[in-house]
Amino acid sequence: MTSNHSPAVSATVAESTDAALVAELLGRYLVTLDDEEPDDAWARGLFTEDAVVTFPMSRHEGLAGLAEWHRASLAAFARTQHLGSPAVVTVSGDRAVLRANVLTTHVHHPGGDRPPLFRAGTLVRGGARRTAAGWRLVELSFTVQFTEGRPPARD
């Protein structure tokens, strides 16, 4: 059987498929922050062993402890909602870079002197790598564009 597709068309289709898989990783990451308890299986399903995640207030390197680091960050709030724009993904072989916008609403725990909500608009940049288990995020970095309300007090 022969193919009607030229190698260039096949490569474009493969890159589009890979870009969609990488974008889906970011989408899954954001949604699961709001409705799942991050655990080690969660981290392995999204990130490489050498992953680096940088929030405006902290940074974590490596897969070990990454789920706990996320749980500790989320524990500062009663609830969160992360709304991401479609990711712009550029694939080059077994690596990809991405960027997207994220609007996050953080609901403070009841009581205290803060308004109920803290909102942030961020630009996320990152990278992904094809692994034996499929595409995984190798880096995510969030840069704050604006905030509304007051963040939780730092310990």
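Start by selecting Leu83, Leu103 and Phe146, which in this predicted model make a nonpolar surface patch of about 290 Å². Keep Leu83 selected for a moment and follow the backbone around it, where you will find that Leu83 belongs to strand S3, the stretch covering residues 79-84. Is Leu83 buried, exposed or partly exposed? Its relative accessible area is 47%, and Leu83 therefore falls in the partly exposed class, because that class lies between the limit of 20% for buried residues and the limit of 50% for exposed ones.

Now zoom out until the whole chain is in view, and take stock of its general layout before going on to single residues. The chain contains 3 helices and 7 strands, and if you trace these elements from the N terminus on, their order reads α-α-β-β-α-β-β-β-β-β. Along the principal axes, the C-alpha atoms fill a box of roughly 70 × 30 × 20 Å. The chain has 155 residues, of which 37% count as buried, while the area that the chain exposes comes to about 9,100 Å², with carbon and sulfur atoms supplying 55% of it. If you look at contacts in the chain with a separation of 6 or more, 55% of them are accounted for by residues 24 or more positions apart.

Next, colour residues 47-55, which are strand S1, together with residues 58-61, which are strand S2. These two strands run antiparallel and are joined by 4 bridges, and they form a hairpin that has 2 residues between its strands. To see one place where the pairing can be followed residue by residue, select Val53 and look across to His60 in S2, which stands opposite.

Stay with strand S1 and select Thr48, which is found in this strand. Thr48 counts as buried, because its relative accessibility is 4% and the limit for buried residues is 20%. Which side chain should you display beside Thr48 to see a polar contact? Show Asp50, whose side chain makes such a contact with the side chain of Thr48 at 2.7 Å. Then, setting aside the neighbours within four places in sequence, display the residues in contact with Thr48, namely Leu63, Arg129, Thr131, Arg136, Leu137 and Val138.

From there, move to Gly93, which lies in the loop that links strand S4 (88-92) and strand S5 (95-107). With a relative accessible area of 45%, Gly93 is partly exposed. If you draw a distance from the C-alpha atom of Gly93 to that of Arg129, the separation is 9.1 Å, although the two residues are 36 residues apart along the chain. Once neighbours within four places in sequence are left aside, the residues in contact with Gly93 are Arg130 and Trp135, so select both of these to see what surrounds this part of the loop.

For the last stop, follow strand S5 to Val107, which has its place in that strand. Val107 counts as buried, because its relative accessibility is 17% and the limit of 20% applies here too. A second distance worth drawing runs from Val107 to Leu117, since these residues are 10 residues apart in sequence and 4.8 Å apart in space, C-alpha to C-alpha. Which residues does Val107 touch, not counting those up to four places away in sequence? Display Phe77, Ala78, Arg79, Pro116 and Leu117 to see them around Val107.

Technical notes: Residues are numbered from 1 along each chain as its sequence is written. This is a predicted model: local features need pLDDT of at least 70, side-chain atom pairs count only at pLDDT 80 or more; totals for chains, interfaces and linings use all residues. Side-chain values use heavy atoms; hydrogens and water are left out. Buried means under 20% relative accessible area, exposed over 50%, partly exposed in between (1.4 Å probe, protein chains only). A polar contact is a pair of N or O atoms within 3.5 Å; within protein, one must be able to donate a hydrogen and the other to accept it, and residues adjacent in sequence count only if both atoms are side-chain atoms. Contact means heavy atoms within 4.5 Å. Patches are made of residues with over 30% relative accessible area and no salt bridge: like charges are joined within 9 Å, nonpolar side chains (Val, Leu, Ile, Met, Phe, Trp, Tyr) within 5 Å. Accessible areas come from the Shrake-Rupley method with a 1.4 Å probe; for residues, only the protein chains shown count as cover. A salt bridge is a side-chain nitrogen of Lys or Arg within 4 Å of a carboxyl oxygen of Asp or Glu. Two strands pair if DSSP finds at least two bridges between them.
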